[in-house]
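Trainee: I am new to this structure and would like to learn how its features get their labels. Could we go through it together?
Mentor: Gladly; let's look at it first.

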Amino acid sequence: MSEPTFATLVSRWYSETARDLPWRHPGVSPWAILVSEVMLQQTPVVRVVPAWQAWLERWPTPAALAEDTPAEAIRMWGRLGYPRRAVRLRECAVAIVERHAGVVPDRLDQLLALPGVGTYTARAVATFAYGQRHPVVDTNVRRVVCRAIAGEPDAGPTTRPADLVATEELLPVEPADAALASAAIMELGAVLCVARSPRCDRCPVASICAWRTSGQAAPTGPSRRPQRYAGTDRQVRGLLLGVLRETTGPVDRQRLDQVWADDVQRARALAGLVTDGLVEPVGTASFRLAGDGGPPAPAVV
DNA sequence: ATCCGGTGTC
DNA sequence: GACACCGGAT
(Lines give C-alpha, C1' and ligand atoms only; values in the text may rest on other atoms or scores of the structure.)
Protein backbone atom coordinates (compact mmCIF):
# COMPACT_ATOMS: atom_id res chain seq x y z
CA MET A 1 0.00 0.00 0.00
CA SER A 2 1.57 3.25 -1.20
CA GLU A 3 1.37 6.80 0.07
CA PRO A 4 -1.37 8.99 -1.36
CA THR A 5 -0.19 10.83 -4.47
CA PHE A 6 0.07 14.58 -4.86
CA ALA A 7 -3.06 14.60 -7.03
CA THR A 8 -5.01 12.50 -4.54
CA LEU A 9 -4.18 14.79 -1.65
CA VAL A 10 -4.97 17.98 -3.52
CA SER A 11 -8.15 16.58 -5.06
CA ARG A 12 -9.41 15.39 -1.68
CA TRP A 13 -8.74 18.84 -0.20
CA TYR A 14 -10.50 20.45 -3.16
CA SER A 15 -13.56 18.24 -2.81
CA GLU A 16 -13.88 19.29 0.81
CA THR A 17 -13.10 23.00 0.63
CA ALA A 18 -13.52 24.32 -2.93
CA ARG A 19 -15.17 27.68 -3.40
CA ASP A 20 -18.68 27.44 -4.77
CA LEU A 21 -18.20 29.14 -8.13
CA PRO A 22 -21.15 29.11 -10.54
CA TRP A 23 -19.21 27.82 -13.55
CA ARG A 24 -18.25 24.76 -11.51
CA HIS A 25 -21.86 23.68 -11.11
CA PRO A 26 -22.98 20.51 -12.90
CA GLY A 27 -24.61 21.03 -16.27
CA VAL A 28 -22.85 24.29 -17.11
CA SER A 29 -22.42 24.43 -20.88
CA PRO A 30 -19.05 24.44 -22.67
CA TRP A 31 -19.89 27.93 -23.92
CA ALA A 32 -20.49 29.15 -20.36
CA ILE A 33 -17.18 27.61 -19.29
CA LEU A 34 -15.38 29.24 -22.21
CA VAL A 35 -16.88 32.61 -21.26
CA SER A 36 -15.76 32.14 -17.66
CA GLU A 37 -12.21 31.30 -18.73
CA VAL A 38 -11.91 34.36 -20.97
CA MET A 39 -13.23 36.62 -18.23
CA LEU A 40 -10.89 35.03 -15.69
CA GLN A 41 -7.86 35.53 -17.93
CA GLN A 42 -7.20 38.94 -16.43
CA THR A 43 -9.87 39.56 -13.82
CA PRO A 44 -10.28 38.29 -10.23
CA VAL A 45 -13.02 35.78 -9.49
CA VAL A 46 -15.19 38.04 -7.35
CA ARG A 47 -15.55 40.55 -10.15
CA VAL A 48 -16.20 37.91 -12.78
CA VAL A 49 -19.13 36.18 -11.07
CA PRO A 50 -21.85 38.82 -11.66
CA ALA A 51 -20.56 39.71 -15.12
CA TRP A 52 -20.54 36.04 -16.13
CA GLN A 53 -24.12 35.56 -14.97
CA ALA A 54 -25.38 38.65 -16.79
CA TRP A 55 -23.47 37.77 -19.97
CA LEU A 56 -24.90 34.25 -20.18
CA GLU A 57 -28.38 35.39 -19.37
CA ARG A 58 -28.20 37.67 -22.37
CA TRP A 59 -26.20 35.40 -24.67
CA PRO A 60 -26.76 31.77 -23.62
CA THR A 61 -25.17 30.44 -26.82
CA PRO A 62 -22.39 31.44 -29.22
CA ALA A 63 -25.02 32.06 -31.90
CA ALA A 64 -26.83 34.59 -29.71
CA LEU A 65 -23.66 36.60 -29.14
CA ALA A 66 -22.59 36.32 -32.77
CA GLU A 67 -25.84 37.98 -33.87
CA ASP A 68 -25.35 40.99 -31.62
CA THR A 69 -23.00 43.93 -32.16
CA PRO A 70 -19.47 44.38 -30.81
CA ALA A 71 -20.78 47.57 -29.16
CA GLU A 72 -23.21 45.61 -27.03
CA ALA A 73 -20.50 43.13 -26.10
CA ILE A 74 -18.27 46.02 -25.00
CA ARG A 75 -21.10 47.48 -22.90
CA MET A 76 -21.88 44.15 -21.27
CA TRP A 77 -18.21 43.67 -20.53
CA GLY A 78 -18.62 46.48 -18.05
CA ARG A 79 -15.52 47.22 -16.04
CA LEU A 80 -13.81 43.87 -16.18
CA GLY A 81 -10.79 45.45 -17.81
CA TYR A 82 -9.01 44.73 -21.09
CA PRO A 83 -12.15 45.28 -23.20
CA ARG A 84 -10.45 43.82 -26.27
CA ARG A 85 -11.42 40.54 -24.69
CA ALA A 86 -15.10 41.40 -25.22
CA VAL A 87 -14.57 41.99 -28.93
CA ARG A 88 -12.48 38.82 -29.24
CA LEU A 89 -15.07 36.79 -27.36
CA ARG A 90 -17.70 37.93 -29.85
CA GLU A 91 -15.37 37.13 -32.75
CA CYS A 92 -14.85 33.77 -31.09
CA ALA A 93 -18.63 33.23 -31.06
CA VAL A 94 -18.79 34.12 -34.76
CA ALA A 95 -16.00 31.64 -35.51
CA ILE A 96 -17.76 28.93 -33.51
CA VAL A 97 -20.92 29.49 -35.54
CA GLU A 98 -19.08 29.58 -38.86
CA ARG A 99 -16.61 26.74 -38.32
CA HIS A 100 -18.36 24.50 -35.82
CA ALA A 101 -22.10 24.98 -36.38
CA GLY A 102 -22.44 26.92 -33.14
CA VAL A 103 -20.96 24.20 -30.94
CA VAL A 104 -17.83 24.94 -28.90
CA PRO A 105 -15.25 22.54 -30.36
CA ASP A 106 -13.69 19.87 -28.14
CA ARG A 107 -10.40 19.47 -30.00
CA LEU A 108 -7.34 21.31 -28.74
CA ASP A 109 -6.23 22.45 -32.20
CA GLN A 110 -9.69 23.77 -33.04
CA LEU A 111 -9.95 25.60 -29.73
CA LEU A 112 -6.51 27.14 -30.19
CA ALA A 113 -7.55 28.51 -33.57
CA LEU A 114 -10.34 30.58 -32.01
CA PRO A 115 -9.82 34.31 -31.36
CA GLY A 116 -8.79 35.04 -27.79
CA VAL A 117 -8.06 31.40 -27.02
CA GLY A 118 -4.46 30.57 -26.24
CA THR A 119 -2.70 27.56 -24.75
CA TYR A 120 -4.16 27.99 -21.30
CA THR A 121 -7.77 28.60 -22.31
CA ALA A 122 -7.83 25.83 -24.93
CA ARG A 123 -6.66 23.28 -22.38
CA ALA A 124 -9.00 24.61 -19.71
CA VAL A 125 -12.05 24.24 -21.98
CA ALA A 126 -11.04 20.80 -23.24
CA THR A 127 -10.55 19.71 -19.64
CA PHE A 128 -13.31 21.41 -17.68
CA ALA A 129 -16.02 21.44 -20.36
CA TYR A 130 -15.25 18.14 -22.06
CA GLY A 131 -13.52 16.13 -19.37
CA GLN A 132 -10.36 15.42 -21.34
CA ARG A 133 -6.98 14.72 -19.82
CA HIS A 134 -4.64 17.66 -20.40
CA PRO A 135 -2.27 19.62 -18.21
CA VAL A 136 -3.90 23.00 -17.55
CA VAL A 137 -1.19 25.43 -16.57
CA ASP A 138 -1.96 28.96 -15.56
CA THR A 139 0.24 31.08 -13.34
CA ASN A 140 -1.18 29.49 -10.19
CA VAL A 141 -0.55 25.93 -11.37
CA ARG A 142 2.94 26.85 -12.51
CA ARG A 143 3.75 28.26 -9.10
CA VAL A 144 2.35 25.24 -7.25
CA VAL A 145 4.18 22.71 -9.40
CA CYS A 146 7.46 24.63 -9.36
CA ARG A 147 7.33 24.77 -5.60
CA ALA A 148 5.90 21.42 -4.55
CA ILE A 149 7.58 19.20 -7.14
CA ALA A 150 10.78 20.97 -8.20
CA GLY A 151 11.31 22.63 -4.84
CA GLU A 152 11.96 25.92 -6.61
CA PRO A 153 10.26 29.28 -6.60
CA ASP A 154 8.06 30.12 -9.55
CA ALA A 155 10.04 29.87 -12.76
CA GLY A 156 9.02 33.21 -14.15
CA PRO A 157 6.43 35.08 -16.16
CA THR A 158 5.81 32.51 -18.89
CA THR A 159 4.74 28.89 -18.97
CA ARG A 160 7.47 26.73 -20.46
CA PRO A 161 6.98 23.37 -22.16
CA ALA A 162 8.70 21.81 -19.17
CA ASP A 163 5.96 23.18 -16.93
CA LEU A 164 3.37 21.42 -19.05
CA VAL A 165 5.30 18.17 -18.82
CA ALA A 166 5.81 18.43 -15.08
CA THR A 167 2.10 19.07 -14.57
CA GLU A 168 1.04 16.27 -16.89
CA GLU A 169 3.09 13.81 -14.87
CA LEU A 170 1.03 14.64 -11.80
CA LEU A 171 -2.33 13.88 -13.40
CA PRO A 172 -4.21 10.65 -12.74
CA VAL A 173 -4.75 8.36 -15.71
CA GLU A 174 -8.53 8.61 -15.74
CA PRO A 175 -9.59 11.80 -17.57
CA ALA A 176 -12.29 12.68 -15.06
CA ASP A 177 -9.81 12.33 -12.20
CA ALA A 178 -7.24 14.37 -14.12
CA ALA A 179 -9.76 17.16 -14.69
CA LEU A 180 -10.60 17.22 -11.00
CA ALA A 181 -6.91 17.29 -10.12
CA SER A 182 -6.30 20.24 -12.47
CA ALA A 183 -9.13 22.22 -10.90
CA ALA A 184 -7.75 21.31 -7.48
CA ILE A 185 -4.20 22.44 -8.27
CA MET A 186 -5.50 25.73 -9.60
CA GLU A 187 -7.58 26.21 -6.48
CA LEU A 188 -4.58 25.45 -4.29
CA GLY A 189 -2.52 28.09 -6.07
CA ALA A 190 -5.33 30.62 -5.86
CA VAL A 191 -6.25 30.08 -2.22
CA LEU A 192 -3.29 28.69 -0.25
CA CYS A 193 -0.12 28.47 -2.34
CA VAL A 194 -0.27 32.14 -3.22
CA ALA A 195 2.74 34.12 -4.37
CA ARG A 196 3.54 36.23 -1.36
CA SER A 197 2.19 34.71 1.85
CA PRO A 198 1.48 31.02 1.30
CA ARG A 199 -0.68 29.31 3.89
CA CYS A 200 1.42 26.19 4.29
CA ASP A 201 -0.18 25.54 7.67
CA ARG A 202 -3.38 24.54 5.90
CA CYS A 203 -1.84 22.97 2.79
CA PRO A 204 -2.89 19.39 2.00
CA VAL A 205 0.53 18.57 0.52
CA ALA A 206 2.71 20.34 3.08
CA SER A 207 4.17 16.97 4.14
CA ILE A 208 5.46 16.17 0.65
CA CYS A 209 6.21 19.68 -0.63
CA ALA A 210 9.77 19.98 -1.93
CA TRP A 211 9.75 23.75 -1.61
CA ARG A 212 8.73 23.61 2.04
CA THR A 213 11.29 20.93 2.80
CA SER A 214 14.08 22.94 1.19
CA GLY A 215 13.44 26.22 2.97
CA GLN A 216 10.97 28.06 0.72
CA ALA A 217 13.45 29.86 -1.48
CA ALA A 218 12.28 33.17 -2.87
CA PRO A 219 12.42 33.91 -6.60
CA THR A 220 15.90 34.93 -7.71
CA GLY A 221 15.35 36.48 -11.11
CA PRO A 222 14.53 40.11 -11.76
CA SER A 223 11.19 40.98 -10.22
CA ARG A 224 8.75 42.21 -12.76
CA ARG A 225 8.68 45.94 -13.02
CA PRO A 226 5.66 47.57 -11.45
CA GLN A 227 3.15 48.82 -13.97
CA ARG A 228 1.48 52.11 -13.46
CA TYR A 229 -1.93 53.12 -14.71
CA ALA A 230 -2.31 56.80 -14.02
CA GLY A 231 -1.16 58.85 -16.98
CA THR A 232 -0.74 55.92 -19.35
CA ASP A 233 -2.44 55.29 -22.65
CA ARG A 234 -4.43 52.64 -20.83
CA GLN A 235 -6.06 55.24 -18.65
CA VAL A 236 -6.85 57.44 -21.64
CA ARG A 237 -8.36 54.51 -23.52
CA GLY A 238 -10.54 53.80 -20.51
CA LEU A 239 -11.75 57.39 -20.36
CA LEU A 240 -12.54 57.50 -24.08
CA LEU A 241 -14.32 54.17 -23.95
CA GLY A 242 -16.29 55.30 -20.92
CA VAL A 243 -17.83 58.16 -22.89
CA LEU A 244 -18.59 55.97 -25.90
CA ARG A 245 -20.03 53.20 -23.74
CA GLU A 246 -22.60 55.41 -22.08
CA THR A 247 -23.71 56.97 -25.34
CA THR A 248 -25.79 55.27 -28.01
CA GLY A 249 -24.43 55.87 -31.47
CA PRO A 250 -21.82 58.38 -32.61
CA VAL A 251 -20.07 60.85 -30.33
CA ASP A 252 -18.60 64.12 -31.59
CA ARG A 253 -14.84 64.32 -31.56
CA GLN A 254 -15.20 67.52 -29.53
CA ARG A 255 -16.71 65.58 -26.68
CA LEU A 256 -13.93 63.02 -26.74
CA ASP A 257 -11.39 65.85 -26.76
CA GLN A 258 -12.57 66.83 -23.29
CA VAL A 259 -11.55 63.61 -21.53
CA TRP A 260 -7.79 64.22 -21.79
CA ALA A 261 -5.77 67.36 -22.33
CA ASP A 262 -2.75 65.96 -24.17
CA ASP A 263 -3.68 66.00 -27.88
CA VAL A 264 -0.95 63.63 -28.95
CA GLN A 265 -1.64 61.02 -26.31
CA ARG A 266 -5.40 61.28 -26.75
CA ALA A 267 -5.12 60.80 -30.50
CA ARG A 268 -2.81 57.83 -30.00
CA ALA A 269 -5.22 56.22 -27.55
CA LEU A 270 -8.19 56.75 -29.86
CA ALA A 271 -6.29 55.33 -32.81
CA GLY A 272 -5.43 52.32 -30.69
CA LEU A 273 -9.08 51.74 -29.87
CA VAL A 274 -9.88 51.83 -33.58
CA THR A 275 -7.03 49.44 -34.39
CA ASP A 276 -8.27 47.06 -31.72
CA GLY A 277 -11.77 47.00 -33.19
CA LEU A 278 -13.39 48.64 -30.21
CA VAL A 279 -14.23 51.94 -31.87
CA GLU A 280 -14.89 53.07 -35.42
CA PRO A 281 -15.01 56.48 -37.06
CA VAL A 282 -18.33 57.78 -38.34
CA GLY A 283 -17.81 60.38 -41.03
CA THR A 284 -14.97 62.76 -40.30
CA ALA A 285 -15.84 64.23 -36.92
CA SER A 286 -17.34 61.50 -34.76
CA PHE A 287 -16.77 58.01 -33.43
CA ARG A 288 -18.87 55.18 -32.05
CA LEU A 289 -18.45 51.81 -30.42
CA ALA A 290 -17.91 49.22 -33.15
CA GLY A 291 -21.17 48.37 -34.84
CA ASP A 292 -23.18 50.60 -32.53
CA GLY A 293 -26.57 51.36 -34.05
CA GLY A 294 -26.40 48.45 -36.42
CA PRO A 295 -24.14 46.25 -38.53
CA PRO A 296 -23.77 48.59 -41.55
CA ALA A 297 -20.24 49.90 -41.15
CA PRO A 298 -19.55 53.52 -41.99
CA ALA A 299 -18.30 54.24 -45.47
CA VAL A 300 -14.54 53.93 -45.68
CA VAL A 301 -13.13 57.29 -46.64
C1' DA B 1 1.67 52.75 -3.67
C1' DT B 2 1.76 47.86 -5.09
C1' DC B 3 -0.27 43.49 -6.71
C1' DC B 4 -2.53 40.41 -10.13
C1' DG B 5 -2.81 38.01 -15.07
C1' DG B 6 -3.53 35.30 -20.72
C1' DT B 7 -3.28 36.63 -25.53
C1' DG B 8 -1.63 38.85 -29.51
C1' DT B 9 1.63 41.68 -31.76
C1' DC B 10 6.00 43.25 -32.96
C1' DG C 1 11.03 37.47 -25.76
C1' DA C 2 9.46 42.16 -24.72
C1' DC C 3 5.60 44.75 -24.47
C1' DA C 4 0.67 46.49 -24.36
C1' DC C 5 -3.50 45.99 -22.38
C1' DC C 6 -7.59 47.24 -17.69
C1' DG C 7 -9.52 47.99 -13.20
C1' DG C 8 -10.27 46.90 -8.54
C1' DA C 9 -8.32 44.95 -4.16
C1' DT C 10 -5.12 45.45 -0.58
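Mentor: Let's begin with a term: a residue lines a cavity if one of its atoms is within 4 Å of a point of that cavity. Keep in mind that this is a predicted model.

Trainee: Which residues line the second largest cavity?
Mentor: They are Thr 119, Tyr 120, Arg 123, Val 137, Thr 159 and Leu 164. Each is called a lining residue because it has an atom within 4 Å of a cavity point. Helix 8, residues 119-128, gives the most to this lining, with three residues.

Trainee: What makes the lining of the second largest cavity three nonpolar, two polar and one charged?
Mentor: Set the names against the classes: Tyr, Val and Leu count as nonpolar and Arg as charged, while Thr falls among the others, so it is polar. That fits the division into three nonpolar, two polar and one charged residues.

Trainee: How many cavities of 30 Å³ or more are there?
Mentor: The count comes to two. The second largest has a volume of about 30 Å³, and the largest holds about 120 Å³ of space.

Trainee: Which residues are closest to the centre of the largest cavity?
Mentor: Of the 15 residues in its lining, the closest to the centre are Cys 193, Cys 200, Cys 203, Cys 209 and Trp 211. Helix 9 (139-150) and helix 12 (210-213) each give two or more residues to that lining, and helix 9 gives the most, with three.

Trainee: Why do Cys 193 and Trp 211 count as nonpolar?
Mentor: Cys and Trp are both in the nonpolar class, so these two residues belong there. The whole lining of the largest cavity divides into 12 nonpolar, no polar and three charged residues.

Trainee: Now to the DNA. Which residues are closest to DNA strand C?
Mentor: Arg 79, Tyr 82, Tyr 229, Arg 234 and Arg 237 are the closest of the 12 residues that surround DNA strand C. By class, this surface has three nonpolar, two polar and seven charged residues. Helix 13, residues 233-245, gives the most to it, with four residues.

Trainee: Why is the pair between Arg 79 and DNA strand C called a polar contact?
Mentor: A side-chain N or O atom of Arg 79 is 2.7 Å from a phosphate oxygen of the strand. The cut-off is 3.5 Å, so the pair qualifies. Tyr 229 also has a polar side-chain atom 2.3 Å from a phosphate oxygen, and for Arg 84 the partner is a sugar or linking oxygen at 3.2 Å.

Note on methods: Residues numbered from 1 in each chain as written. Chains lettered and ligands numbered in written order. Predicted model: local features only at pLDDT ≥ 70, side-chain atom pairs only at ≥ 80, totals over all residues. Heavy atoms only, no water. 1 Å grid on protein atoms, 1.4 Å probe; cavity = no way out; pocket = protein on both sides within 12 Å on 5 of 7 lines; lining within 4 Å. Points joined across faces, edges and corners; volume = space filled by probe spheres on them. Near = heavy atom within 4 Å. Polar contact = N/O pair within 3.5 Å; in protein donor to acceptor, adjacent residues only side chain to side chain.
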